[in-house]
Amino acid sequence: MTRFSTRAVHAGRDELRRLGVHAPPIDLSTTYPVTDLDAGTASFDALVGGQARADNPIYARLHNPTVARVEDALAALEGTGACVAFGSGMAALTAVLMARRAHGAHVLVVRPLYGTSDHLLASGLCGIEAEFVEAGEIASRRRADTTLVIVETPANPTLDLVDIRAAVAAAGEVPVLVDSTFATPVLQNPAALGARYVLHSATKFLGGHGDVIAGVVCCADEDARPLRTVRAATGGLLHPLAAYLLHRGLPTLALRVERAQKNAEVLAERLQAHPSVAKVFYPGLGTVRNAALHWTQMRGPGCLVAFELAHGHAAAASVMREVKLLTPAVSLGSVDTLIQHPAGLTHRVVGEADQLAHGITPGLLRLSVGIEHVDDLWADLSRALEAVPAGVHRDAAAA
Ligand SMILES: *Cc1c(COP(=O)(O)O)cnc(C)c1O
């Protein structure tokens, strides 16, 4: 097999030469002519039954060639037989829950994880009962009706790492889903460690330019079939224009992640030495749970850094206000650097007690490092840190 960076450039483009084009065509058809009814019926049955392709796409909710190409590309990058793309990461997670619901209603979930994933699971919206556990409790909490184990590593926002191999061993027969959004296939391939489902919010690094909302599940084709059936029934589709943009970003994925990671390593060290910063969370500094796994199950410490300000919420709000080159915004994985406040934004839907139990404090900021020059990033960030008004220090000291 070719190497990762080669696959990232070429995957999902096999048929382009036959089509006589160099860039993937965007197919916006919602319906496809059926002149041979029997053949059309066979295609319909195949697609509704979860097959990846059929002779005739029939209707765009069942199949779209532009979407199928980026699915092929991501399956090749994760080393899985298949990939199913959805309109967002949350639609992707929902589809997995709905598909697993046929095998049982109990799901074990290791916290912390993305705020809306936590909320979706805790709410019981998909008819499943989520039980939140520590990674070490998976084996003892497994039940006969446990249908899925969910872990996120690196976890959002504290960058704790979960040992995927150990989680898979503890889960036994129960399939494990790994949300690998923060790692990207550049730094981690959970399927090679035994995970049955690899989920990405493709909105983040895979899209990479802040202009696509998408989600994917990479898995074996037999597990992909029920997901396609759920997608066809519920309509959580990825639009072909978004699929095109997602595919467009993949050739530079490794370059982007490697550069952003270099920047993140430098910023993490500089933040750790800064007097306004109480604690830096970064696998490369050894300051997160299971940090050493970034050498073994990952191929690097990643592009996200979280840090806690010595003077709490007011100081965090001041940094959000003062940054100029950095964008104060949720989301992550874009070419530009973003900074956000988990307690006030992404993890709002998680109860305060659960927030605090998982290190989501009022002074915590999360940095998604981009590919700019690191000295320009540090100039902006350190200026914002120094601009924290003196009153904030006094208030925090008095509190
Ligand atoms: C953003 C994100 C999601 C949700 O993805 P959307 O594309 O926003 O629906 C899920 N998991 C993680 C780790 C994320 O960062």
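Which residue is the bridge partner of Ile 339 in E12? The partner is Leu 367. This is a predicted model. The briefing covers an open sheet, a buried glycine, the cavities and the salt bridges.

**Sheet**

- Five strands make up an open sheet, and their pairing is mixed.
- The strand order runs E8-E9-E12-E11-E10.
- Strand E8 (277-281) and strand E10 (327-328) are the edge strands, each pairing on one side only.
- Strand E11 spans residues 338-340, and strand E12 spans residues 364-368.
- E11 and E12 run antiparallel to each other and pair over three bridges.
- Ile 339 and Leu 367 are bridge partners, with Leu 367 on the E12 side.

**Gly 207**

- Gly 207 sits in a loop that connects strand E6 (197-201) to strand E7 (215-219).
- Its relative accessibility is 3%, so Gly 207 counts as buried. The cut-off for buried is under 20%.
- Leaving aside residues up to four places away in sequence, Gly 207 touches Ala 202, Leu 246, Gly 249 and Arg 256.
- Gly 351 lies 144 residues from Gly 207 along the chain, and 30 Å separates their C-alpha atoms.

**Cavities**

- Four cavities of 30 Å³ or more are present in the structure.
- The largest cavity holds about 50 Å³ of space.
- Its lining includes Phe 205, Gly 208, Arg 256, Val 257 and Ala 260.
- Gly 333, Ser 334, Val 335, Val 369, Gly 370 and Ile 371 also line the largest cavity.
- By class, the lining has six nonpolar residues, four polar and one charged.
- Arg 256 appears in two places here: Arg 256 is among the contacts of Gly 207, and Arg 256 also lines the largest cavity.

**Salt bridges**

- The structure contains 17 salt bridges.
- Glu 137 and Arg 141 form one of them through their side chains, at 3.5 Å from N to O.
- Glu 137 has 25% relative accessibility and therefore counts as partly exposed.
- Arg 141, at 31% relative accessibility, is also classed as partly exposed.
- Asp 221 and Arg 225 meet in a salt bridge at 3.3 Å, N to O.
- Asp 221 and Arg 225 both belong to helix H10 (residues 221-234); they are four residues apart, so about one helical turn separates them.
- Asp 221 has a relative accessible area of 30%, which means partly exposed.
- Arg 225 has a relative accessible area of 34% and is partly exposed.
- The side chains of Arg 270 and Asp 375 form a salt bridge at 3.2 Å, N to O.
- That pair links distant parts of the chain: Arg 270 is in helix H12 (residues 253-272), Asp 375 is in helix H16 (residues 374-386), and their positions lie 105 residues apart in sequence numbering.
- Arg 270 is partly exposed, with 29% relative accessible area.
- Asp 375 is partly exposed as well, with 41% relative accessible area.
- Glu 15, Arg 18 and Arg 69 are joined into one network by salt bridges that share partners.

How values were computed. Residues are numbered from 1 along each chain as its sequence is written. This is a predicted model: local features need pLDDT of at least 70, side-chain atom pairs count only at pLDDT 80 or more; totals for chains, interfaces and linings use all residues. Side-chain values use heavy atoms; hydrogens and water are left out. Helices (H or I, at least four residues) and strands (E, at least two) are DSSP runs, numbered from the N terminus. Buried means under 20% relative accessible area, exposed over 50%, partly exposed in between (1.4 Å probe, protein chains only). Contact means heavy atoms within 4.5 Å. On a 1 Å grid over the protein atoms alone, a cavity is a set of points where a 1.4 Å probe fits but cannot get out, and a pocket is an open set with protein on both sides within 12 Å along at least five of seven lines; lining residues have an atom within 4 Å of a point. Grid points are joined across faces, edges and corners, and a volume is the space filled by probe spheres set on the points. Ala, Val, Leu, Ile, Met, Phe, Trp, Tyr, Cys and Pro count as nonpolar, Asp, Glu, Lys and Arg as charged, and the others, Gly among them, as polar. A salt bridge is a side-chain nitrogen of Lys or Arg within 4 Å of a carboxyl oxygen of Asp or Glu. Two strands pair if DSSP finds at least two bridges between them.
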